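Colleague: Could we go through this model together? I would like to talk about a helix, a cavity and the confidence.

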Amino acid sequence: MERLGTGIGWRPEIAGDIERMPGIDWVEVVAENVCPGHVPASLLRLRERGVTVVPHGVALGLGGAERPDAGRLEALAERAEALRSPLVTEHIAFVRAGGPLSASPRLEAGHLLPVPRTRDALDVLCENVRIAQDALPVPLAVENIAALFSWPGEEMSEGQFLYDLADRTGVRLLVDVANLHTNHVNRGEDPAKALAELPLEAIAYVHVAGGVERDGVWHDSHAHPVPRPVLDILTDLASRVSPPGVLLERDEDFPAPDELERELTGIREAVAKGAAARTTARAQGSGVRSRSVPVSGSARESGSRGPARQRVALAQAAVLSSLVAGTPVPEGFDRARMAVQARALAAKRADVVAKVAPELPVLLGERYRAAFLAHAQRWPMTGGYRQDALDFVERLLLTSGQRERRDEQLPLRELREWWLERSGPVPHSRRPAARLARATRRVLLRR
């Protein structure tokens, strides 16, 4: 596996800072945020300097019951080629559910949700990973995710699940030590045990990130400094194997460049501490060992995948519907944790729509968040975030006649213009003559 070194997640908000940072060997970019024909100039400059760029997908849903979408796989392949990347990465998660396999409405989570660690889910995931591997021009690595809730009746630990996945497919692993910490706090899982069970030689690289604890629940926010327990897990991992690359993730609330550099220094020190412990253990003949897995994968299978897909589809549809559509929580799940997850999904929808459509918080002011959360409680997301923004405004317009109090009145004309501008197949022309024609048509229609 290619040695990557120390890297940081590239985000437009800190692009200039990253270009000026010393010691950045590589960067990771959210794949869905890059257009192959219009790669940001900052990424091109980094590439020219020899900095490796890795696309990191978030929307493929490899852990979902359906086979990976061919269009999404093609888009991921195009980004890998445009960025001249040595590999691409995705998540072991499901992000949508419903549809023909479960005979239920298709729903989008807008977030990474955990798959059950069962043989059925593993069978489906393995086949999905193979489909993705065949469609991509470079190797694939998959990431363990953080979770707020657990599935009842799980048959394997996280380490066992990941070991079998790598064994059966030869896929590389992106190990997120912050997610191991999250699952320790939220689900009582031992990070050291997970590391001991992992096929460490299959590691492509490592993620490190910060989070925050609220009401006994750890939220993997990517908006806070990396805490000491996460660095300790990184040291433990580095005491077992030399990670090909380690990357700092930060998605919002970006600190000053010198603070980011201090976090990168802390990451390097944690890796060096682990490497020293590994050297000492080898000298004493007591090195930490992990189970070996053939990187080419094995042929072992466990049953028919057709029935497994349907069972996984029904289970995931029931879970996602309870989280975003208000249906009953399936039996065996922690209702309190599911409620926390449901609120987190709605809050994330509000935050992302505010970024995708920044005009809406401006038009609605302080009313935006309450209005959107009310929308999210009644209307699950069935498409992407852009469509979610359009649906939100459309329903505001449709229900505007029900608002009687003066303080509830909305800027309907501006909202209608915003919706008309974006809901058609192509944007409205901004030429003065075209704008005048639209204004005239609106006046005539009101008569």
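**Helix, cavity and confidence**

Modeller: This is a predicted model, and in it helix α8 (residues 228-240) has 13 residues, which at 1.5 Å a residue should span 18 Å; the end C-alpha atoms of α8 are 19 Å apart, which agrees.

Colleague: Which residues of α8 are buried?

Modeller: The buried residues in α8 are Val 230, Leu 231, Ile 233, Leu 234, Thr 235, Leu 237, Ala 238, Ser 239 and Arg 240.

Colleague: And what do the buried residues of α8 pack against?

Modeller: They pack against the helices α6, α7 (191-197) and α9 (257-283), and also against the strands β8 (172-176), β9 (203-208) and β12 (245-248).

Colleague: Changing topic, how many cavities of 30 Å³ or more are there?

Modeller: The structure holds one cavity of that size, and its volume is about 130 Å³.

Colleague: Which residues line the largest cavity?

Modeller: Its lining is made up of Ile 92, Pro 114, Val 115, Arg 117, Asn 144, Ile 145, Glu 158, Phe 161, Leu 162, Asn 183 and Arg 187. Two or more of the lining residues come from each of α5 (158-169) and α6 (177-187), and α5 has the largest share, with three residues.

Colleague: How do those lining residues divide into nonpolar, polar and charged?

Modeller: Six are nonpolar, two are polar and three are charged.

Colleague: Last thing, where does pLDDT stay under 50?

Modeller: That happens over residues 294-300, for which the model has 17 contacts beyond four places in sequence. Where pLDDT is low, the predicted coordinates should not be read in detail. The chain as a whole averages a pLDDT of 90, and 89% of the residues score at least 70.

Key:
Residues are numbered from 1 along each chain as its sequence is written. This is a predicted model: local features need pLDDT of at least 70, side-chain atom pairs count only at pLDDT 80 or more; totals for chains, interfaces and linings use all residues. Side-chain values use heavy atoms; hydrogens and water are left out. On a 1 Å grid over the protein atoms alone, a cavity is a set of points where a 1.4 Å probe fits but cannot get out, and a pocket is an open set with protein on both sides within 12 Å along at least five of seven lines; lining residues have an atom within 4 Å of a point. Grid points are joined across faces, edges and corners, and a volume is the space filled by probe spheres set on the points. Helices (H or I, at least four residues) and strands (E, at least two) are DSSP runs, numbered from the N terminus. Ala, Val, Leu, Ile, Met, Phe, Trp, Tyr, Cys and Pro count as nonpolar, Asp, Glu, Lys and Arg as charged, and the others, Gly among them, as polar. pLDDT is the predictor's confidence in each residue, from 0 to 100. Contact means heavy atoms within 4.5 Å. The expected span of a helix is 1.5 Å times one less than its number of residues. Buried means under 20% relative accessible area, exposed over 50%, partly exposed in between (1.4 Å probe, protein chains only).
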